Amino acid sequence: VSSDRRTEVCFSLNVVVLTYTPRVFQVSKKDFDGFKKLFHRFLQVKGPSVDWPKIHRPPEDSIQPYDKIAALPLPDSLADSLNKLVVVKLNGGLGTSMGCKGPKSLISVRNENTFLDLTVQQIEVPVQSYTCHKVPPALCPRYPRINKESLLPVATDIGMMGENADVWYPPGHGDIYASFYNSGLLDQLITEGKEYIFVSNIDNLGATVDLNILHHLVSQPNGKRCEFIMEVTDKTRADVKGGTLIQYDNKLRLLEIAQVPKAHVDEFKSVTKFKIFNTNNLWISLGAIKRLQEQNAMDMEIIVNPKTLDGGQNVIQLETAVGAAIKSFDNALGINVPRSRFLPVKTVSDLLLVMSNLYSLEAGSLTMSQKREFPTTPHVKLGSSFTKVQEYQTRFESIPDMLELDHLTVSGDVTFGKQVSLKGTVIIIANHGDRIDIPAGTILENKIVSGNLRILDH
């Protein structure tokens, strides 16, 4: 059956490919070849991708504390090291959970600067100390979504409008290796003397180039150089679903919650057994990527992501994650970095934190304000009335002062006037049909606000 299904899918894909113009046919053919490999592997996989009894904690020396790395003195020739580095930002997040119609990176974060603006500032400030090469963006391929029942592609032609608008998807950031290799960008960078890429999500505002980690990479003897570093950080209750590093078949491996057998999910979420999680800040050898691509040895687990299209059709999309390839590289290492290097914005609650005075902005980097007495960030939970960015923006005349805030919960139809100050634990609940307008200049400290409070213009 699998063989027949593969033939049927390949035929369907070839029909779609033929709708391309000759100009883009070759690029598109590589995309579909990549998808067909992924789909064939998907059909062959049976049962969980990990055998739970074979999972072990990583050896002590395989996850280094950042303080140990940072204790090494930086050399005067650091510019040489920087010239061997390429910074790659993963810009694939569409921000659909925040009501965005395009890339999340175009949301304004601070002073009308978007994620993209802040990223550029982070790179341009130290530009005087090393050579800056602007390279064309590596284009993300598009793969066809698959009907959950028939396992056939939903797309009938290459168009992306009308009925075909939502039948294509980006295949996850694990495609970075093939994209670099197939586009010729990998060979170009190696020819220019580049040795490593630093990869991170563009919505992680803490993911700046760290000179201590870079120096640790390039200072190792060539024969024992680390080919892959994954930055991890300590789990909190908010991170229990995050992927973690394990020892499996004598290799470091990334374990995601989707790979965990149901009987062991609670164990996976345990902060005592799995104490760290993957920040997706990765340092990867370009030469190793080339070797693994040429040997067809890049091994990444398939993530099956179920979706429902607007018309109600159930589909699946097959994805891979860039960090999952860690087990394919030699001398892989985890570095347990400070939490400040993991500052993601996945929800409007996260967005409120990074827009507030909790953080100081300098050269595109956000750091916790020295005026805050506690190093931890407040727990913020904004209700469904704030979920979409457009709604969120209309509910704040200005971002409140949150320097002394510990916990904020907001539910229902709530708006904030200018120069509101929130301290301690603040809970604001507007019941259904009610509205609460927090007046300008209000100071709320350890308060619960409920009921109906309407400020009318006159």
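In what order do the six strands of the open sheet lie, and how are they paired? In this predicted model, the order is 1-15-9-12-8-2, and the pairing is mixed. The edges of the sheet are formed by strand 1 (63-65) and strand 2 (85-90), each of which pairs on one side only, and the twist from one strand to the next averages 30°.

Within this sheet, strand 9 (residues 228-234) and strand 12 (residues 276-285) run antiparallel and are joined by seven bridges; one of the pairings that involve strand 12 is that of Thr 233 with its bridge partner Phe 277.

Two helices lie across strands of the sheet, as set out below.

| Helix | Strands it lies across | Angle given |
|---|---|---|
| Helix 8 (residues 211-218) | strand 2, strand 8 (196-201), strand 9, strand 12, strand 15 (333-336) | about 145° to strand 9 |
| Helix 10 | strand 8, strand 12 | about 85° to strand 12 |

Helix 10 (residues 286-294) also packs with helix 6 (residues 176-183), their axes coming within 10 Å and crossing at roughly 90°. Because angles of 65 to 115 degrees count as roughly perpendicular, helix 6 is described as roughly perpendicular to helix 10. On the helix 6 side the contact involves Tyr 177, Ala 178 and Tyr 181, which meet Ile 289, Gln 293 and Glu 294 of helix 10. By residue class, this contact of helix 6 with helix 10 comprises four nonpolar residues, one polar and one charged.

Technical notes
Residues numbered from 1 in each chain as written. Predicted model: local features only at pLDDT ≥ 70, side-chain atom pairs only at ≥ 80, totals over all residues. Heavy atoms only, no water. Axes fitted to C-alpha atoms, helices over the stretch in contact; angles between N-to-C directions. Helix = DSSP H or I, 4+ residues; strand = E, 2+ residues; numbered from the N terminus. Parallel < 35°, antiparallel > 145°, perpendicular 65-115°, else oblique. Contact = heavy atoms within 4.5 Å. Nonpolar A, V, L, I, M, F, W, Y, C, P; charged D, E, K, R; others polar. Pairing = 2+ DSSP bridges.
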